[in-house]
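Colleague: I'm new to reading models like this one. Please pick one part, look at it closely with me, and then show me what goes on elsewhere.

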Amino acid sequence: MILPERLDARTTALFLDIDGTLAHIRPRPEDVGPEPRRTDLLGRARRVLGGRLAILSGRSIAEIDYITGNTVRAVAGVHGVERRDAEGERRDQILTEPVRHALEQALLVLSGLAEQKSGVLIEAKGPSIGVHYRLNPQAEGMVKTITANIAQNSPLVLQPGDRVVELRAPGPDKGDALRAFMNEPPFEGFRPVFVGDDLTDEHAFRAAARLGGFGILVGEARESAAAFRLPNVQAVLDWLEAGVTHHA
C-alpha cells in the first residue's frame, strides 16, 4: 500500500508521537526542545483539521507543551496516564498510595544504578520513570534485569522502548488514549491516523485501525500494526507540510 500524499482534512483526526516522529531522538531527553518549523506546522495542522490534532507521547504533558510550543490542546502524556482533552480539561489517571510509594522506591533504586553506571540516565516523570541507556548500550542487561525485578515486586508496569525501559503507573496506554479522544469532540466520528516510531506506539496503531483509520510507522521497517511507513523525522515533517498544512 502506498501512503496517501495528502490527508483529507475534512474526514481525518490526526495523532502524533514526539520522539523519533516529530523530533529527532537525542542522547538525553532534555536535549529536545521547541523548533520553529515544527511549531508552525503543528499550529497550521491544528487549524486545518478543525482542532482534530492530538499528541500521544511518553513524555509528560509539561514537556510536550514545551517541545511543541503550546500549539496543541489535546495531549496524552506518559503514554496516556496523563491526558488533557481538546477543551483543556485534565483527565489524568489517579495514582493510588501504593503506586506512589512504589514509584518513590523505584526512583531510589534506579538513581543508585545511574550513579554506578556511567551513561545511564534517569528521567522522572511523576507517574513514570524512564531509564535511558543510549549512552551506554552495555548497560542494557543490567537495566532490564533491575527494572524487571522491580516490576515483579510492585504494582508498576514495565514498558520497554528504544534504548529505554520505563516503570510506570498502571493505567491507559496510547491506544486507550486514542480511543478516549475519539469518543470526544472534535474527534468523534472522524478517521484516526496515528504516526509513531516505537514499540509503545503499536497500541495506538491497532486502535486507529480498529476505528477505521491507520498507522504510519517512522523509521526502519519492522513487523508492525501500522499500514504505512515513513523513513525518518524529516520525512514526517515534509509529509505534514505537503499533506496537511497545504490546505491552509
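**A close look at the largest cavity**

Modeller: Let's warm up with Leu16, which sits in strand S1 (residues 12-16). Strands and helices here are DSSP runs, numbered from the N terminus: a strand (E) needs at least two residues, a helix (H or I) at least four. Leu16 counts as buried, at 1% relative accessibility. Buried means under 20% relative accessible area, exposed means over 50%, and partly exposed is anything in between (1.4 Å probe, protein chains only). From Leu16 to Glu35 you move 19 residues along the sequence and 16 Å through space, C-alpha to C-alpha.

Two bits of housekeeping. This is a predicted model, in which local features need pLDDT of at least 70 and side-chain atom pairs count only at pLDDT 80 or more, while totals for chains, interfaces and linings use all residues. Residues are numbered from 1 along each chain as its sequence is written, and side-chain values use heavy atoms, with hydrogens and water left out.

Now for the part I'd like to zoom in on. Rolling a probe the size of a water molecule over the atoms shows where empty space is left. A cavity is a set of points, on a 1 Å grid over the protein atoms alone, where a 1.4 Å probe fits but cannot get out; its lining residues have an atom within 4 Å of a point. Searching the whole structure turns up 1 cavity of 30 Å³ or more. The largest cavity holds about 390 Å³ of space. That volume is the space filled by probe spheres set on the points, with grid points joined across faces, edges and corners.

What lines it? There are 26 lining residues, and Asp19, His132, Val164, Glu166 and Asp198 lie nearest the centre of the largest cavity. Two elements give two or more residues to this lining: strand S7 (157-161) and strand S8 (164-168). S7 supplies the largest share, 3 residues. Sorted by class, the lining has 13 charged, 7 polar and 6 nonpolar residues. For that sorting, Asp, Glu, Lys and Arg are charged; Ala, Val, Leu, Ile, Met, Phe, Trp, Tyr, Cys and Pro are nonpolar; the others, Gly among them, are polar.

Where does the cavity sit? It lies between domain 1 (12-93 + 172-246) and domain 2 (97-168), because both give residues to its lining. Those domain bounds come from an automatic or database domain assignment.

While we're by S7 and S8, look at the loop between them, where you'll find Arg163. Its phi is near 60°, a positive value in a residue other than glycine. Arg163 is partly exposed, with 38% relative accessible area. Val78 also has a positive phi, near 50°, and isn't glycine either. Val78 is in the loop between strand S3 (74-77) and strand S4, and it's buried, at 0% relative accessible area.

Follow the chain on from S4 (82-84) and the loop leading to helix H3 holds Asp92, which is partly exposed at 33% relative accessible area. H3 itself (residues 97-116) has 20 residues and spans 29 Å from its first C-alpha to its last, close to the 28 Å expected at 1.5 Å a residue. That expected span is 1.5 Å times one less than the number of residues. Buried in H3 are Val99, Ala102, Leu103, Ala106, Leu110 and Leu113. Looking down the axis of H3, these buried residues fall within an arc of 100°, so they line one face of the helix. The arc is that of the directions from the helix axis to the C-beta atoms. An α-helix has 3.6 residues a turn, so residues three or four places apart point the same way. On the face of H3 turned away from the buried side are the exposed residues Glu97, Leu108 and Glu115.

One last oddity: the peptide bond from Pro185 to Pro186 is cis, with omega near 5°. Pro186 lies in the loop between helix H5 (174-182) and strand S9 (191-196).

How values were computed: On a 1 Å grid over the protein atoms alone, a cavity is a set of points where a 1.4 Å probe fits but cannot get out, and a pocket is an open set with protein on both sides within 12 Å along at least five of seven lines; lining residues have an atom within 4 Å of a point.
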